[in-house]
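Here is a friendly walk through one protein model. Please keep the sequence and the 3D view at hand as you read.

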Amino acid sequence: MSTEPQSKQPKEQVIQLYQGSKRIHPKLAKGRFANLRILAILATQFVFYVLPWFNWGGRQMVLFDIPDRHFYIFGLSLGMGDLIYLAGLLIICAFGLFWWTTLAGRLWCGYACPQTVYTEIMLWIDHLVEGDRNKRLKLEKEPWNFRKIRIKATKYLLIFLVCAWTGLTFAGWFTPIRELIPSLFDFSISGGALFAAAFYGFMTFLFAHIMREQVCKYMCPYARFQSAMFDHDTLIISYDEERGEPRGARKKNVSREETPLGDCINCTMCVQVCPVGIDIRDGLQYECIGCAACIDACDEIMDKMNYPRGLIRYTTESVLKHEYTDKDIKKRLLRPRVLGYGAVLFIAVAAWLFGISTREALRIDIIKDRGVMVRENKAGWLENAYNLRIINSSEDEQVLKASVSGFEDIALTGLPEEGVRIPGNDTITIPVQVSTIPEYADKGSHPIEFTFRYHETDDESEFRTIIEKASFIGE
């Protein structure tokens with residue numbers, strides 16, 4: 001038995017390997033950056049919610065028709081063979097994000113990221129139904145009663161409507177939305193569309209309402225690797241420690257010259273409005289999404305204290321170190337990392353535009369029939385069999401005619417003289433035969449060339465030509 005006094009014995013401690021996060025109830029920020037964020041949300045959600053309802057040339061303006069393996073983007077029609085162009089768009093978006101992050105930090109996260117946008121919408125609903133931050137905190141502590149149930153039910157009804165409409169709109173990007181919505185009410189909606197709508201609506205509820213900032217902190221990979229694109233000249237939200245410290249409370253009518261304290265009055269408003277719950281005064285943190293809510297809150301306090309704005313602002317580390325001023329933009333723009341990403345982005349965009357502008361409406365693959373290498377036809381000529389796989393990536397019917405060259409006497413059979421009609425957005429396979437005099441085609445492989453001419457059904461005056469090489473197997 002221990003003789004050590006009980007007061008000096010170590011106390012038993014409980015170490016938790018996991019601790020649930022506390023719910024963050026940010027205060028609604030008001031100011032110039034909050035207004036910009038509202039405009040960004042309205043613009044992005046106009047594209048998401050409204051764009052599918054517009055038509056272009058008799059069909060939905062933007063439609064990713066996966067069952068028919070075709071994608072429509074305004075006047076652009078892409079088939080499965082054009083997936084390289086969709087991949088090119090993803091590459092452009094990636095390099096665009098890299099370039100923008102190097103230049104302006106996480107402005108994408110703060111203003112246009114879907115997670116931020118829908119979280120902001122959910123916060124608007126919270127504020128509309130439950131009130132501002134203090135009222136929400138008070139409501140959370142109240143026991144369950146009829147008033148609390150009524151408020152919570154109203155809030156979740158609005159959230160359900162937003163999530164349901166979001167899910168249906170998402171499905172409308174892959175199924176014609178003008179057919180999707182009526183089919184929901186007459187119970188003829190397809191299982192795939194219903195699953196897509198329900199899944200996306202549920203994930204919107206889970207990520208934007210339940211998890212919120214946890215997605216940005218722990219799930220988003222961008223939050224982890226974006227620092228690799230930062231440097232001392234990247235635009236970030238920063239607290240001017242030199243001006244703000246030492247922080248401390250003071251009366252409103254006390255001027256800056258009358259107190260030894262810095263401009264920060266330690267009101268914690270910057271923390272209360274932060275949607276991820278960080279204190280920007282602790283320095284740059286990976287959780288910061290660059291939404292500028294803390295800037296608006298701090299500027300409002302500075303105005304009340306008659307202090308100049310900018311204690312918290314968009315700036316760079318080099319500016320805080322007095323290497324140059326906020327007005328010296330050239331220092332930020334004309335640096336190797338920005339120019340490098342910009343050059344790669346420009347090349348990717350130029351290559352994509354060139355590829356789109358020069359692509360053919362028809363693509364033809366010549367496939368040698370391996371089952372019949374060479375044979376003699378009724379006329380005594382040597383004959384090879386081929387399959388023409390014709391892909392029409394346009395929305396218009398095309399008429400195709402073909403000829404072949406490579407020997408002094410050579411014939412192409414299997415195609416009608418008036419040409420083959422290929423429907424829009426369709427792929428067909430046609431067997432053809434190429435024959436020549438045996439004296440021209442001795443044993444081995446001989447190069448030949450197919451020439452295809454095609455035009456739209458209603459425009460016979462403008463032909464386009466495709467030349468494809470192949471080989472003829474002699475006897």
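## An aromatic cluster

Let us begin with the rings. F48, Y49, F64, F71, F170, W173, F174 and Y200 come together in one aromatic cluster. The model you are looking at is a predicted one, and across the structure there are 18 aromatic pairs. One of them joins F48 and Y49, whose rings meet edge-to-face, with 5.0 Å centre to centre and 80° between the planes. A pair of aromatic rings is described by the distance of the centres and the angle of the planes.

Are these two residues buried or exposed? F48 has a relative accessible area of 14%, so F48 counts as buried. Y49 is buried as well, with a relative accessible area of 16%.

## The three-stranded sheet

Two members of that cluster, F64 and F71, also face each other as bridge partners, F71 being the one in β4. They lead us to an open sheet of 3 strands, ordered β3-β4-β5 and paired in the antiparallel sense. Which strands stand at the edges? They are β3 (62-65) and β5 (76-79); each has a single partner strand, so one side of each is left without a neighbour in the sheet. Neighbouring strands here are turned by 15° against each other on average, direction ignored.

Now for the pairing in detail. β3 and strand β4, which covers residues 70-73, are joined in antiparallel fashion over 4 bridges. F64 has F71 as its bridge partner in β4, and helix α2 (residues 83-104) packs on the sheet, where it touches β4 and β5. The direction of α2 makes about 50° with that of β4. Back in β3, D65 stands opposite H70 of β4. The two strands β3 and β4 form a hairpin with 4 residues between them, and in its turn R69 takes a positive phi of about 55°.

## The four-stranded sheet

Further along the chain there is another sheet to look at. This open sheet has 4 strands in the order β13-β11-β15-β16, and the pairing is antiparallel. Its edge strands are β13 (420-422) and β16 (464-474), each of which pairs on one side only. From one strand to the next, the twist averages 35°.

Strand β11, made of residues 398-405, pairs with β13 in the antiparallel sense over 3 bridges. Within this pairing, V399 has R421 of β13 as its bridge partner. Q398 is also in strand β11. Is Q398 buried or exposed? Q398 is buried, with a relative accessible area of 2%. How far apart are the C-alpha atoms of Q398 and A361? They are separated by 8.6 Å, although the two residues lie 37 residues apart along the chain.

## Charges over rings

Two arginines deserve a look beside their aromatic partners. R256 lies over the face of Y307, at 5.9 Å from the ring centre. In the other case, the charged end of R453 sits over the ring of F463, 4.3 Å from its centre.

## Backbone features in the loops

A few loops hold backbone details to check in the viewer. E245 and P246 are joined by a cis peptide bond, with omega about -5°. P246 is found in the loop between α11 (241-244) and α12 (269-272).

Which residues other than glycine have a positive phi in these loops? One is F187, with phi near 60°. F187 is placed in the loop between α7 (177-185) and α8 (191-211), and at 76% relative accessibility F187 counts as exposed. Another is H322, whose phi is about 65°. H322 lies in the loop between α14 (317-320) and α15, and H322 is exposed too, with a relative accessible area of 59%.

## Confidence in the model

Helix α15, just mentioned as one end of the H322 loop, also matters for reading the confidence values. Which element has the lowest mean pLDDT, and which the highest? Among the elements of the protein, helix α15 (residues 329-333) has the lowest at 73, while helix α6 (residues 146-172) has the highest at 96. Overall, the protein averages a pLDDT of 87, and 95% of the residues score at least 70.

How values were computed. Residues numbered from 1 in each chain as written. Predicted model: local features only at pLDDT ≥ 70, side-chain atom pairs only at ≥ 80, totals over all residues. Heavy atoms only, no water. Pairing = 2+ DSSP bridges. Axes fitted to C-alpha atoms, helices over the stretch in contact; angles between N-to-C directions. Contact = heavy atoms within 4.5 Å. Phe/Tyr/Trp six-rings, centres within 6.5 Å; stacked < 30°, edge-to-face > 60°. Buried < 20%, exposed > 50% of the residue type's maximum accessible area, 1.4 Å probe, protein only. Lys NZ or Arg CZ within 6 Å of the ring centre and 35° of its normal. pLDDT = per-residue confidence, 0-100.
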